[in-house]
Amino acid sequence: MKTSRIFRIFMMLLDTIVLAILRPFRKFSHLQTFECQKTSAEDAPHAVDGTRPQDWGIKAELEVDGEKTEAYSRSQPIFMDPAQPYARHDGIVTFRGDQLRSGAAHGDFAGGKTLRQKWSLPTGKLAKGYGHGFWTGSGWTGQPLIVRWTAEQRAAMNLLPEKKEKENLTEVIYSTMDGNVYFIDLEDGQPTRETIKVGLPFKGAGALHPSLPLLHLGPGDSGAGEGEYARAYLYSLIDGEKLLEYGGQDAFAPRKFCGFDSSPLFDEATDTIIEPSENGIIYTFRLNSKIGEDGKLSIEPSEFVKLRYKTARSGEDRYWLGMEDSPVIWKNYMYIADNGGTLLCIDLNTMGVVWAQDVADDTNGTPVFSLEDGVPYLYIGTSLHWTASRRLKLADAPIFKINAITGQYVWIHSYFCNTVAGVSGGVQATCVVGKHSIEDLVIFPVARTPWVRSGILVALDKKTGREVWRYKMRRYAWSSPVALYAEDGSAYLVQGDSQGTLHLLDARTGKLLSKTELGANIEASPAVFGNTIVVGTRGMQIFGIEIA
């Protein structure tokens with residue numbers, strides 16, 4: 001619901017006063033721990049008391065190649081080995097890098113403690129499909145893709161002549177909310193090929209096929225023109241040709257609204273795409289892709305499978321169905337959370353729901369998979385929406401550690417947050433699961449706490465859920481942090497905030513090392529290749545920033 005600016009300012013002032021009154025009397029964070037079954041990575045995911053799908057009133061339905069069916073068995077089973085690299089491309093090809101959503105950094109990072117702006121490139125705006133106003137610049141989640149093409153790949157692509165000949169060209173592929181896809185040289189910020197103009201707002205990150213020059217794009221909303229409804233796209237990066245549209249105005253969808261903020265995954269062995277949608281459907285289909293003798297890329301989709309479901313509390317007005325986060329895939333199991341606060345484990349080879357868990361609220365941050373002492377876990381936080389108090393929109397926003405085999409809680413660490421006029425507090429971002437020198441830490445930004453406009457970045461101990469350090473930000477963050485690891489073992493964090501400040505921190509201590517002002521809300525999540533950060537802002541600029 002749209003509200004006036006005066007009303008939003010009034011509510012922020014009122015909530016600030018209420019928070020000030022509550023601070024001496026109420027804990028702003030709370031930790032719970034739980035007992036759960038002993039499991040290992042050798043166990044198959046399964047439900048237990050409290051995580052059985054029927055415990056949450058889940059009823060699922062399937063459609064295969066346009067026909068409803070009671071049961072399904074995939075013709076070529078999916079098995080994504082977590083020990084094997086997700087992609088053959090040299091770069092960041094999906095949101096948070098791979099099928100486990102391990103992180104958005106790639107290449108050799110030489111270390112450094114200073115942020116320096118190298119280049120910037122202007123983007124634009126696009127009229128919204130409802131009401132008034134515009135989608136501007138890069139929004140949530142808004143992560144770019146970055147890939148270094150081989151000489152053979154460059155020769156086959158429609159790159160600009162000077163870029164086609166450039167050795168070790170590293171290309172930034174950035175779909176933004178002005179409805180365009182920009183192609184940029186990571187080194188100098190110059191265009192590498194013609195912009196693809198789609199005309200629908202891209203909020204989520206795109207995705208590349210793990211081995212082919214095939215780009216998936218997912219608009220997050222419909223456009224202003226007649227027939228400009230949201231649907232997903234596949235484009236060839238050989239010649240820029242559109243190969244497929246799917247998912248728009250789907251009669252099988254349980255929800256009217258449609259968007260594709262989720263960044264899909266591809267199973268290379270079976271040439272299958274897996275894409276959840278905000279319309280409440282999880283899509284999978286085989287691409288049957290090939291590059292012909294003429295050098296063109298083509299696809300012939302088959303085995304088009306759709307899974308839809310409902311829960312005991314889901315509806316069109318509250319606890320919405322549909323998924324804005326991106327899927328995690330471990331072996332043949334997919335983990336995905338939804339707008340209604342349900343985390344699902346799904347067997348991709350039967351499309352059956354294995355277990356379900358309550359994650360309380362509108363869940364936009366993507367789960368991150370972590371194998372610890374031979375046991376698989378998931379980390380995820382939720383935004384503050386359905387569980388907020390009726391008038392002041394205050395409540396605890398939880399961060400979860402969940403056993404990926406059974407779906408049981410390991411610990412929950414909650415933070416008291418605020419939401420104003422639909423602009424969510426809590427966790428909108430995807431966490432960093434630490435490696436190397438921060439292997440014991442998981443790091444989340446929490447928005448609109450302890451004050452309405454402020455936020456915190458917290459490092460929690462993986463085993464206990466206790467806070468190890470806290471970094472206070474004057475303005476909250478929806479942007480996801482990125483972890484960087486130097487050869488000497490030191491770990492760094494990059495974090496953007498809603499004021500337009502990009503922070504560089506020591507990831508072990510939370511100490512600020514450097515910051516730079518980008519002039520407008522950094523709602524999008526950065527990606528880092530080597531020592532260069534790429535991120536867009538709501539101020540209609542894409543920046544290349546060096547860590548020196």
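**Charged pairs, one arginine and a nonpolar patch**

I'll start with E268, which is partly exposed, with a relative accessible area of 26%. Before going further, this is a predicted model, so please treat the distances as computed values.

E268 has a salt bridge to R88, and the closest N and O atoms are 2.8 Å apart. The two residues come from distant parts of the chain, 180 residues apart: E268 sits in the loop between β17 (265–267) and β18 (272–276), while R88 sits in the loop between β3 (67–69) and β4. On the R88 side, the relative accessibility is 65%, which counts as exposed, since the cut-off for that is over 50%.

Next pair. K401 and E372 also meet through their side chains in a salt bridge, at 2.8 Å from N to O. This pair again links distant parts of the chain, here from strand to strand: K401 is in β29 (residues 394–403) and E372 in β27 (residues 368–372), with their positions 29 residues apart. Buried or exposed, what is K401? K401 is buried, at a relative accessible area of 3%. E372 counts as buried too, with 12% relative accessibility.

A third pair is R470 and E467, whose side chains form a salt bridge at 2.8 Å, N to O. R470 is partly exposed at 38% relative accessible area, and E467 is partly exposed at 28%.

For context, the structure holds 21 salt bridges. Some charged residues are linked in a network of them, namely K163, K166, D185, E187 and D188.

Now an arginine without such a partner. R101 lies in the loop between β4 (90–92) and β5 (105–106). R101 is buried and has no salt bridge. How far away is the nearest side chain of opposite charge? That is D98, at 6.3 Å; the salt-bridge cut-off is within 4 Å, so D98 does not qualify.

What does the side chain of R101 reach instead? There is a polar contact of 3.0 Å with the side chain of T94, and the R101 side chain reaches the backbone oxygen of S263 at 2.9 Å. Leaving out residues up to four places away in sequence, R101 touches a list of residues including F95, R96, P264, L265, S326, V328, T366 and V368.

Last item, the surface. F7, F10 and L14 form a nonpolar patch there, with about 280 Å² of accessible area together. F7 belongs to helix α1 (residues 5–22). F7 is partly exposed, with a relative accessible area of 40%; patch members need over 30%, so F7 passes that cut-off.

That's all from me.

How values were computed
Residues are numbered from 1 along each chain as its sequence is written. This is a predicted model: local features need pLDDT of at least 70, side-chain atom pairs count only at pLDDT 80 or more; totals for chains, interfaces and linings use all residues. Side-chain values use heavy atoms; hydrogens and water are left out. Patches are made of residues with over 30% relative accessible area and no salt bridge: like charges are joined within 9 Å, nonpolar side chains (Val, Leu, Ile, Met, Phe, Trp, Tyr) within 5 Å. Accessible areas come from the Shrake-Rupley method with a 1.4 Å probe; for residues, only the protein chains shown count as cover. Helices (H or I, at least four residues) and strands (E, at least two) are DSSP runs, numbered from the N terminus. Buried means under 20% relative accessible area, exposed over 50%, partly exposed in between (1.4 Å probe, protein chains only). Lys and Arg count as positive and Asp and Glu as negative; His and the chain ends are not counted. A polar contact is a pair of N or O atoms within 3.5 Å; within protein, one must be able to donate a hydrogen and the other to accept it, and residues adjacent in sequence count only if both atoms are side-chain atoms. Contact means heavy atoms within 4.5 Å.
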